[in-house]
Amino acid sequence: MLRQRERTQLAAVGVVGLIGFGLYSRTSTSQDPLVLEAPLSRDRRSLPTQPRSTAATAAAIEDCGWKPNDALVGSCAGSGPKLIAASKGITNAADCAALCCSMPTEHAEPEKRCVAWQYRQDTGCRVGGDVRIGMEKDGPSAWCNHDPPAMWHGERVSDTTRDRVCGDGWNSSALPTQCFGLGDRQHLTNESPEGCRDACCADKTCKTWQFRHDVGCFYGPGGSSCDAYHAIAFTPWEGRRKLLKSRKYIPARDGAKRLKP
């Protein structure tokens with residue numbers, strides 16, 4: 001039989017236990033066992049959360065000085081927008097635009113400046129310096145395709161494959177993605193995959209030919225670098241570039257006329 005003092009001590013322990021239990025929260029469900037979680041301290045509750053894209057953010061970056069009626073929907077080659085440390089982990093176009101908007105346009109080290117950005121799910125967020133779109137006649141050497149990705153016709157030509165490629169065994173779907181280094185568009189009488197193939201075969205220096213109905217025929221000794229082929233390869237990019245006062249943005253169609261002294 002317990003003495004009165006021992007009963008009093010046990011009662012005190014029980015009260016302390018109940019108070020301690022009240023400092024925790026029960027997070028179990030009917031299927032899960034009881035799980036006790038320590039409450040967040042004042043300091044932890046006040047930590048800022050990861051910023052998220054909102055309508056207000058999207059509206060704010062519209063005032064960033066983007067070039068009007070301009071979009072980087074095509075693939076960019078050479079020294080165009082690149083994946084950098086600050087852009088890793090960005091998973092949407094709005095945050096990519098916000099990153100570029102927050103970076104200086106000039107008067108900073110090249111890797112810390114941003115004039116142009118692009119985003120697509122497979123490539124992530126890429127930011128970088130100024131680029132030309134299509135055949136603009138002024139600006140940097142870095143350029144981006146004017147048109148969104150689309151299926152190409154094309155094939156490589158070598159000493160061992162020339163007879164097949166230039167004969168009945170050709171395969172116009174061998175190079176469905178864009179290849180770089182083929183030079184300017186070739187204007188042909190027969191604007192078709194077969195006409196482009198024939199023009200390449202008539203040129204002994206030609207190693208690669210490509211044709212797309214909206215942009216025409218390209219062939220030449222280059223074409224060693226081609227975009228990778230995957231399911232998203234023909235999805236347009238999202239992207240913009242900042243308007244630079246130092247640029248005239250001379251389009252290809254009247255570039256020759258405006259460049260004359």
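# Exercises on a predicted model

Asp 70, Asp 130, Glu 136, Asp 138, Arg 241 and Arg 247 are joined to one another in a network of salt bridges. The structure is a predicted model, and the exercises below begin with this network before turning to other parts of the chain.

## Exercise 1. A salt bridge within the network

Task: Find the partner with which Glu 136 forms a salt bridge at 2.7 Å, and work out which parts of the chain the pair ties together.

Solution. Step one is to identify the partner, which is Arg 241, the closest N and O atoms of the two residues being 2.7 Å apart. Step two is to place both residues: Glu 136 lies in the loop between strand E6 (132-133) and strand E7 (143-144), whereas Arg 241 belongs to strand E13 (residues 238-241), so the pair ties together parts that are 105 residues apart in sequence. Step three is to look at exposure, and here Glu 136 and Arg 241 are both buried.

## Exercise 2. Two further salt bridges

Task: For the salt bridge of Asp 122 with Arg 120 and that of Asp 198 with Arg 197, decide whether each residue is buried or partly exposed.

Solution. Start from the general point that side chains of opposite charge can pair when their charged atoms come close. In the first pair, the side chains of Asp 122 and Arg 120 meet with an N to O distance of 2.8 Å. Asp 122 has a relative accessibility of 34% and therefore counts as partly exposed, while Arg 120, at 6%, counts as buried. In the second pair, the closest N and O atoms of Asp 198 and Arg 197 are 2.8 Å apart. Asp 198 is partly exposed at 37% relative accessibility, and Arg 197 is buried with a relative accessible area of 6%. To put these pairs in context, a search of the whole structure finds 11 salt bridges.

## Exercise 3. Helix H4 and the largest core

Task: List the buried residues of helix H4 (residues 93-102), and determine how many residues H4 gives to the largest nonpolar core.

Solution. The first step is to list the buried residues of H4, which are Ala 93, Cys 96, Ala 97, Leu 99 and Cys 100. These residues cover an arc of only 155° around the axis, which puts them on the same side of H4. The next step is to turn to the largest nonpolar core, which has 15 residues, and in which Cys 96, Trp 117, Cys 125 and Val 127 have the most contacts. Two or more residues of this core come from each of H4, strand E4 (116-120) and strand E5 (124-128), and H4 gives the most, with 5 residues. A closer look at Cys 125 shows that, leaving aside neighbours within four places in sequence, its contacts include Leu 83, Ile 90, Cys 96 and Leu 99. Apart from this core lies another, of 10 residues, among them Val 165, Cys 196, Trp 209 and Cys 217. As a last detail, at the start of H4 a side-chain oxygen of Asn 92 reaches to within 3.2 Å of the backbone nitrogen of Ala 94.

## Exercise 4. Two residues with positive phi

Task: Asn 69 and Tyr 249 each have a positive phi without being glycine; establish where each lies and whether each is buried or exposed.

Solution. Recall that most residues other than glycine have a negative phi. Asn 69, with a phi of about 50°, lies in the loop between helix H3 (55-61) and strand E3 (76-77), and is exposed, with a relative accessible area of 83%. Tyr 249, whose phi is near 55°, is found in the loop between E13 and helix H7 (255-259), and is buried, with a relative accessible area of 10%. The surroundings of Tyr 249 can then be filled in: beyond its neighbours within four places in sequence, Tyr 249 is in contact with several residues, including Lys 67, Glu 136, Asp 138 and Arg 241. A polar atom of the Tyr 249 side chain lies 2.9 Å from the backbone nitrogen of Leu 244. Finally, the C-alpha atoms of Tyr 249 and Ile 133 are separated by 9.0 Å, although these residues are 116 residues apart along the chain.

Methods
Residues numbered from 1 in each chain as written. Predicted model: local features only at pLDDT ≥ 70, side-chain atom pairs only at ≥ 80, totals over all residues. Heavy atoms only, no water. Buried < 20%, exposed > 50% of the residue type's maximum accessible area, 1.4 Å probe, protein only. Helix = DSSP H or I, 4+ residues; strand = E, 2+ residues; numbered from the N terminus. Arc of directions from axis to C-beta. Polar contact = N/O pair within 3.5 Å; in protein donor to acceptor, adjacent residues only side chain to side chain. Salt bridge = Lys/Arg side-chain N within 4 Å of Asp/Glu carboxyl O. Core = buried A, V, L, I, M, F, W, Y, C linked by side-chain atoms within 4.5 Å. Contact = heavy atoms within 4.5 Å.
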